[in-house]
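Subject: Structure for you to look at

Dear colleague,

I am handing over the structure we spoke of, with its sequence, so that you can have it open while you read. My notes on what was found come after it.

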Amino acid sequence: MNKENLAANLRLLCNYKKSISEVCRELQINRQQFNKYLGGKTTPSGNNLLKICDYFGVEEHEMLMPHDEFEQIIRVRPHLETAQSSLPMQENFLQDLQQHQSGDLSKYEGSYYIYYYSTSFPTQILKGYGVIYKENGQHWIKWIERLSQQQKGPSHDGFIYKIKGQMIELGNRIFVTGYEQVLKSELVHLTLFPTFKNKISLLSGLQLGVSGTNSREPVCQRVILAYLGKHCDHRQAMKSCGLYSDDSSEIDPKIKALITNDMEVGESIFRGRPL
């Protein structure tokens with residue numbers, strides 16, 4: 001049985017449905033096992049393959065056809081064409097990416113301080129607070145930033161940004177795509193190095209967004225997520241969030257070094273720094 005053809009053909013059929021969860025529920029097949037079929041890691045038993053074919057209205061030999069040939073015959077079937085038109089393109093896109101995740105993000109769940117140089121105040125370090133969590137089978141991150149000075153102690157002044165993003169691990173990198181929830185005028189993208197240690201400490205990477213100034217030009221800066229634990233007092237943790245001067249003793253020198261946006265001699269591309 002050709003695993004690659006079957007996996008590609010099964011992914012195509014699933015795109016006509018509302019969600020992978022719905023397919024697994026209606027087929028009464030374990031989601032973890034079904035993901036292995038979708039990823040080509042294993043093939044269904046004879047009984048499960050028959051259930052899948054009956055469910056989607058295809059023949060067993062069709063499921064094993066080369067994907068380009070299978071796609072041609074499927075697209076001319078009216079009932080599937082109608083189903084596809086009701087499924088948003090972005091849901092197809094996300095489902096396809098989620099099926100190819102290269103790792104489990106569960107170990108990253110918990111609270112973090114987030115550090116990077118502010119785009120509104122380029123000589124100052126912004127310290128935010130965020131949480132990575134799992135919801136409806138997917139991992140998300142929410143974090144809060146406050147543009148207030150911390151040199152004279154915690155302050156409740158300054159504009160507050162709230163960002164929410166979805167996390168996916170592909171090719172041994174963690175990708176986050178999110179948006180600012182207050183003004184809803186900005187998308188934010190993070191690419192992070194994963195950690196292969198049992199204990200989470202720091203996550204390093206790059207953040208892409210736009211400047212907080214009136215010019216709104218695209219910007220990229222190094223970012224660090226510092227792990228605080230799974231059970232954190234959110235209110236207490238957020239008290240230290242805000243802007244810090246470049247020479248502040250409140251920011252760990254290691255963090256400063258990792259988020260400094262410099263380039264080595266001879267470099268022509270701005271790169272993230274592994275830990």
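What follows goes from the overall picture to one strand and then to a cavity.

Please keep in mind that this is a predicted model, with a mean pLDDT of 86 for the protein and 88% of its residues at 70 or more. The stretch to treat with caution is residues 81–87, where pLDDT stays under 50 and for which the model has 10 contacts beyond four places in sequence.

Taken as a whole, the protein has 275 residues, of which 43% are buried, and its secondary structure comes to 10 helices and nine strands. If you count the contacts with a separation of 6 or more, 56% of them are between residues 24 or more positions apart.

The element I would look at in some detail is strand β7, which covers residues 202–210 and is mostly covered, since seven of its nine residues are buried. Strand β7 has a pairing with β6 (residues 187–192), which is antiparallel and runs over four bridges; within that pairing, L192 has G205 of β7 as its bridge partner. Strand β7 also pairs with β8 (residues 218–229), again in the antiparallel sense, and here the count is nine bridges, with V210 bridged to P218 in β8.

The other finding concerns empty space inside the model. Rolling a probe the size of a water molecule over the atoms shows where such space is left. With a cut-off of 30 Å³ or more, the count is one cavity, and the largest cavity has a volume of about 240 Å³. Its lining is made up of 22 residues, and those closest to the centre of the cavity are Y116, T119, E145, E186 and V210. Two or more lining residues come from each of the elements β3 (138–146), β4 (160–170), β7 and β8.

Which element gives the most to the lining of the largest cavity? That is β7, with four residues, and so the strand described above comes back into view here. In character, the lining of the largest cavity divides into 10 nonpolar residues, eight polar ones and four charged ones.

If you want one residue to begin with, V210 links the two parts of these notes, as V210 has its bridge partner P218 in β8 and is also among the residues closest to the centre of the largest cavity.

With best wishes

Methods. Residues are numbered from 1 along each chain as its sequence is written. This is a predicted model: local features need pLDDT of at least 70, side-chain atom pairs count only at pLDDT 80 or more; totals for chains, interfaces and linings use all residues. Side-chain values use heavy atoms; hydrogens and water are left out. Buried means under 20% relative accessible area, exposed over 50%, partly exposed in between (1.4 Å probe, protein chains only). Two strands pair if DSSP finds at least two bridges between them. On a 1 Å grid over the protein atoms alone, a cavity is a set of points where a 1.4 Å probe fits but cannot get out, and a pocket is an open set with protein on both sides within 12 Å along at least five of seven lines; lining residues have an atom within 4 Å of a point. Grid points are joined across faces, edges and corners, and a volume is the space filled by probe spheres set on the points. Ala, Val, Leu, Ile, Met, Phe, Trp, Tyr, Cys and Pro count as nonpolar, Asp, Glu, Lys and Arg as charged, and the others, Gly among them, as polar. pLDDT is the predictor's confidence in each residue, from 0 to 100. Contact means heavy atoms within 4.5 Å.
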